[in-house]
Amino acid sequence: MSHPIIIDTHQHAWDLDRVAYPWLTPDFGPIARTYLPSELEPQLKLAGVTATVMVQSANSYADTEYMFEQAEQYPWIIGVVGWVPLLYPDVAGRALERYARNPLFRGVRHLIHNEANPRWLLQERVIESLKLLAKRGLTFDIVATLPEHMECIPVLSEKIPDLKMVIDHLGQPPVATRELGRWGDDLKAAAANPNVYAKISGLGTTTGNWEGWTAEDIKPYVHYALATFGADRCMCGGDWPVSVLAGGYVKAWTAYRAILDELSPAEQAAVYSQTALRFYGLRLPTA
């Protein structure tokens with residue numbers, strides 16, 4: 001079988017000398033330092049990854065500008081998910097206009113899991129800003145770590161049905177408990193809107209066994225996501241450098257590939273690249 005095209009839809013980088021990351025405190029251990037794309041580059045080949053989408057790590061313009069700068073230097077970064085102040089629709093609209101001049105700008109994310117209000121997304125002003133994304137055909141990444149975050153998705157679907165959303169890290173499935181539970185119901189409810197997608201990423205850190213986790217631990221959750229959304233609405237991401245906490249980037253991709261390589265060729269093509277190309281409106285790098 002020929003080598004598949006693989007798009008890593010969830011890659012970060014952070015430069016602590018350039019940008020402030022308030023959440024990145026010393027208790028995050030090995031990831032509480034600068035991580036540049038140059039450090040990821042040699043690992044891409046080992047993981048079999050063709051190209052990546054770089055996703056925001058801070059609720060700031062500085063982080064987005066930094067990502068644009070990195071994407072200019074590394075042709076394998078083919079999309080940027082940035083940040084705009086969603087609480088201020090007028091300001092957000094002007095920022096979107098400015099960012100739209102960069103063809104690599106594909107969507108927005110906000111660190112909602114760091115907000116005190118788990119229903120932060122349902123504020124009227126935030127919804128007004130998200131409507132601007134939908135109008136421009138831009139995407140929204142949802143970093144859901146609580147059931148309350150997941151419960152916001154069907155509400156947003158009702159209010160902005162044409163907003164393309166993707167659930168980062170499958171919304172933190174309860175891998176450590178080996179059950180589907182409430183998460184399973186929430187994922188199914190989110191999937192009712194055909195414009196909601198799922199990102200198979202960041203699962204190593206959900207296992208509760210950062211050193212010894214294997215593909216078998218996460219397999220039931222990946223299969224459930226595929227059954228719930230279909231391969232045409234699933235994509236995959238290595239979540240570097242957060243994945244360093246759970247054995248590293250290559251380990252993450254080795255586990256995902258062990259599971260996904262069992263799919264049919266058409267399903268593999270969807271999850272590895274086609275879904276991402278379509279959802280984010282990406283173009284593969286020219287050789």
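This passage describes the central sheet of a predicted model, two of the helices that lie across its strands, and the setting of one threonine.

The sheet is a good place to start. It is open and holds 8 strands, arranged in the order β1-β2-β3-β4-β5-β6-β7-β8 with parallel pairing. At its edges are β1 (7-11) and β8 (234-236), each of which pairs on one side only. On average, neighbouring strands of this sheet are turned by 30° against each other, direction ignored. Strands of a sheet pair through backbone hydrogen bonds, in either a parallel or an antiparallel way. One pairing to follow by eye is that of β4 (residues 105-109) with β5 (residues 139-142), which runs in the parallel sense over 3 bridges. Here Arg109 is found opposite Asp141 in β5.

Two helices can then be placed on this framework. Helix α2 (residues 61-73) lies across β2 (51-55), β3 (77-82) and β4, and runs at about 175° to β3. Helix α7 (residues 215-229), in turn, lies across β6 (164-167), β7 (196-200) and β8, running at about 160° to β7.

A closer look at a single residue rounds off the picture. Thr275 belongs to helix α9, which spans residues 265-280. Is Thr275 buried or exposed? Its relative accessible area is 0%, so Thr275 counts as buried, the limit being under 20%. With neighbours within four places in sequence left aside, Thr275 is in contact with Tyr197, Ala231, Asp232, Arg233, Cys234, Met235 and Ala270. Among these partners, Tyr197 lies in the range of β7 (196-200), while Cys234 and Met235 fall in edge strand β8 (234-236).

Definitions and conventions:
Residues are numbered from 1 along each chain as its sequence is written. This is a predicted model: local features need pLDDT of at least 70, side-chain atom pairs count only at pLDDT 80 or more; totals for chains, interfaces and linings use all residues. Side-chain values use heavy atoms; hydrogens and water are left out. Helices (H or I, at least four residues) and strands (E, at least two) are DSSP runs, numbered from the N terminus. Buried means under 20% relative accessible area, exposed over 50%, partly exposed in between (1.4 Å probe, protein chains only). Contact means heavy atoms within 4.5 Å. Two strands pair if DSSP finds at least two bridges between them. Axes are lines fitted to C-alpha atoms, for helices over the stretch in contact, and angles run from 0 to 180 degrees between N-to-C directions.
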